[in-house]
Every structure is written in C-alpha cells, then in structure tokens.
Amino acid sequence: LKKDAPVVAEVPFSSEYKFMATVHNPTEVDGPGMEGNYVVHAKGAPDRMVNYCAYQAKAGLLGEEYKEPIDRNYWIEQIAVLSSHGLRVLALCRASLPKDKITPGDQLGPEFVNENPEGPWLTLVGLCAIMDPPRAECVQAIREAHGAGVRVAMITGDHKDTAVAIGHMLGIVDETYNDALTGPQLDEMSDDDLRQAVLVNNVFARASPQNKIRIVKALQAEGQIAGMTGDGVNDAPALRAADMGVAMGKEGTDVAREAAEMILADDNFATIVTAVREGRVVWDNLRKILLVNTPINNAQGLGVLFGLICGLAEAPLSPIQVLYSNLICAITLGFVCAIEPAEEGIMTMPPRRIGKRLIGRYLFL
C-alpha cells in the first residue's frame, strides 16, 4: 500500500487537535472518477472528527455514489456506547480534493482539516474501537496505594466515557470519586474552582498539557504532595512542576526523562508503589539505627564527661574501650537495623505528615 499510494503531504498528529491526516494519490480501491484528485485519509478523536464530516459512507463502502449526509446523532450515540465499555475509539474519515490544491511534500497544519472554507467536508467511513485493558499488577498496585493513603488520579487524552470506564476497572472511580472532568471544563474553571475540583475528581479526560500543569499546581496549592508520571514531550512541564516527576524509561522521550526526578526502567506503575514501600522501610530503619546508636554514644560521651568533671585521674573508658564499644554495639547493631525487613502492615499506615523530622522529640529525649 505504501508503494502504490505513497504519502504526498500530511498533517502530523498533535495532542492539541487530536487528529492526523495524510494525502495520497488515488488507487483502484478508491473507485472510479478520481483522476486529477488526491485522496485524504484522516483519523482522530471521534467526538472532534464528527464535526468535520459532512457525509458518511453507506455500509463503509467507498466511492461518490455511496456517500450520504451524515447523521451526527447516530455517530455520537455509537461513540458513547463503545467508550462506555472502556474502548478507545478512533474515527476513520476520508475525502478527495483537486491536485492543484496541494503541493507534494507539504507539511500541512490542522486548519487543512478543521478550517475548510466550505465547512465540514470529510466523509466518515467508520469507527475503530481498541481494547487496552489495565495490567493486573496495576490494579493490585492501586489497591495497595489506597491502603497506604496514596490517592491515584488519571489524566488522559481519551474520551470521557472511556476514561470513566477504565477508572472503574482500576478502582479509582468509586462512590467518593464518581465523576470525571474534561479539558474544556477545566479551561472554563478559575484557579479557586479548580482547587476544589481536583479534590473530588480522580479522572480527567481530554486533557491538554496546560491542564496537567494546572492540576498539579492546584493539588500543591491544597497542601498535597503531587507526583506526576509521563512519557511525552508535552508532559515535561508538568513533570518539572510536580514534587516528584516520574518518566517512562522504555517509551519515554529524552525531554521527559530530563525533566523527571525518577525514571521507571520497566514502565510499570506497580514499580512506583514498590518504591513507596521501600522508602517507608528506609525511613523506619534509619529511625531504628538512631534509636540504637544514640543511647550508646550518649553513654560513652557522658561517662567520659563526668569523669573529667569529677576530676578522676583516669577516664572511665579508655580510647580502645570506646572503639571496641562502637565496633560491637554501634556498628554491628546499626547494620542489623539497616537491613531489617519491612514491618508488618507498613503499607496500611497513613503517609507521614509534611515536614516530619527524622530526629523528633521522642528520639531526642
């Protein structure tokens, strides 16, 4: 197909307008009467592509004789039905235009599709529904994160119904967070309204890169620690703005990896939850080391100090005794505490409060 109908010009995909288009020379498949014309193929977000279509193909057949005026309500209903089952839906469209309208090799802009002087001009051929089910380990990881007091939200470019359905599968849409917001809705909100919205919604659909940054900053304004995952160039500003930016190591772009503080080598969300668990283990073990070493070192120091205060001819502890005590007690017991496994129920404890010190009042006393 690439040999028979090479690309003459194209509109590259962008998350801003959510479609792409290519221009080709006609082939036998395109039907008769195409001499002197190019064929345009376009695909993208169905709720947007429907608005650019004036016709629909009868039974998906090609040719001018099979075109009829589009029934937008029918297609919008079918898009909603497919999306409600968690399917990612693409609209497949085509059109023809005279060859003198296009120069081969042109890099066309989105206005080629969505700002045609004659208005809607494409023909909707059909819908393509793709099932991309969540990984089993991802569902379990989100359940574990909820138990640890970590809230998980989803920001996606998918249709709202698709996002809500996937949110139900993942367990992030429930009685408390039972709805979703779209990018256009976020654009209409003030900063104060958005700060309230991010606290009661876990799913954000049809989101733009600007929406992602606003969501992160709204969460931070409410005193929450916001971690952000991403893999694309458009995700880089939000990754940099988040308290913890996490980029994908396999599928992520170089720009995203440079903007992030942490990179997932396996591109698996479950690894983030594992990192949270290991972070809690390290924190607990550090406090255990301090609880063991602090009394030992205090006893040694106070023993020598009181010997000097009392004017003893010899210190209660000689230098070799201090070294031996550190070797046997501080270093050995500290090493044991450092490699101690996680306490039972460590992922059922709430997160530490912001600003909690490693050496608190209890340890100081």
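## Burial and the model

A residue counts as buried under 20% relative accessible area, as exposed over 50%, and as partly exposed in between. By that scale E278 is partly exposed, because its relative accessible area is 39%. The structure described here is a predicted model.

## Overall form

The protein chain has 365 residues, and 37% of them count as buried. Its secondary structure consists of 13 helices and 13 strands. The radius of gyration is 30 Å, whereas a compact globule of 365 residues would have a value near 21 Å. Along the principal axes, the C-alpha atoms fill a box of roughly 115 × 45 × 35 Å.

Contacts between residues far apart in sequence are a further part of the picture. Among contacts with a separation of 6 or more, 61% join residues 24 or more positions apart.

## Surface and charge

The exposed area of the protein chain is about 21000 Å², and carbon and sulfur atoms supply 57% of that area. The chain carries 33 positive and 46 negative side chains. The centres of these two sets lie 5 Å apart.

## Salt bridges

The structure holds 11 salt bridges. One of them joins the side chains of R88 and D132, with an N to O distance of 3.4 Å. R88 belongs to strand 6 (residues 87-98), while D132 sits in the loop between strand 7 (122-131) and helix 4 (136-147), so this pair ties together parts that are 44 residues apart in sequence. R88 is partly exposed at a relative accessible area of 36%, and D132 is also partly exposed, at 41%. A network of salt bridges links R88, D132 and D158.

A second pair is formed by E278 and R277, whose closest N and O atoms are 3.5 Å apart. E278 is partly exposed, with a relative accessible area of 39%. R277 is partly exposed too, with a value of 31%. In another pair, the side chains of E343 and K288 meet at 2.6 Å, N to O. This salt bridge links distant parts of the chain: E343 is in the loop between helix 12 (319-338) and helix 13 (361-364), and K288 is in helix 11 (residues 269-309), 55 residues apart. The two partners differ in burial: E343 is partly exposed at 40% relative accessibility, but K288 is buried at 18%.

## Helix 11 and the loop after helix 12

N285 also lies in helix 11. With a relative accessible area of 5%, N285 is buried. When neighbours within four places in sequence are left aside, N285 is in contact with C337, A338, I339 and E340.

P350 is found in the loop between helix 12 and helix 13. At 64% relative accessibility, P350 counts as exposed. Which residues does P350 contact, leaving aside its neighbours within four places in sequence? They are A148 and R280. The C-alpha atom of P350 is separated by 5.1 Å from that of G149, although the two residues are 201 residues apart along the chain.

## Helix 5 and its surroundings

Helix 5 covers residues 160-170. Its buried residues are T162, A163, V164, A165, I166, G167 and L170. What do these buried residues pack against? Two of the partners are helices, namely helix 2 (72-84) and helix 4. The others are strands: strand 6, strand 8 (154-155), strand 9 (180-182) and strand 10 (203-205). Strand 6 is also the element that holds R88 of the salt bridge with D132.

After helix 5 comes G171, which has a positive phi near 90°.

## Helix 6 and D187

D187 is part of helix 6 (residues 183-188). Not counting residues up to four places away in sequence, D187 touches N211 and R214. D187 and E175 are 12 residues apart along the chain, and their C-alpha atoms are separated by 25 Å.

Definitions and conventions
Residues numbered from 1 in each chain as written. Predicted model: local features only at pLDDT ≥ 70, side-chain atom pairs only at ≥ 80, totals over all residues. Heavy atoms only, no water. Helix = DSSP H or I, 4+ residues; strand = E, 2+ residues; numbered from the N terminus. Rg over C-alpha atoms; globule rule 2.2 N^0.38 Å. Buried < 20%, exposed > 50% of the residue type's maximum accessible area, 1.4 Å probe, protein only. Contact = heavy atoms within 4.5 Å. Areas by Shrake-Rupley, 256 points an atom, 1.4 Å probe, with all protein chains shown as cover. Lys, Arg positive; Asp, Glu negative; His and termini not counted. Charge placed at Lys NZ, Arg CZ, Asp CG, Glu CD. Salt bridge = Lys/Arg side-chain N within 4 Å of Asp/Glu carboxyl O.
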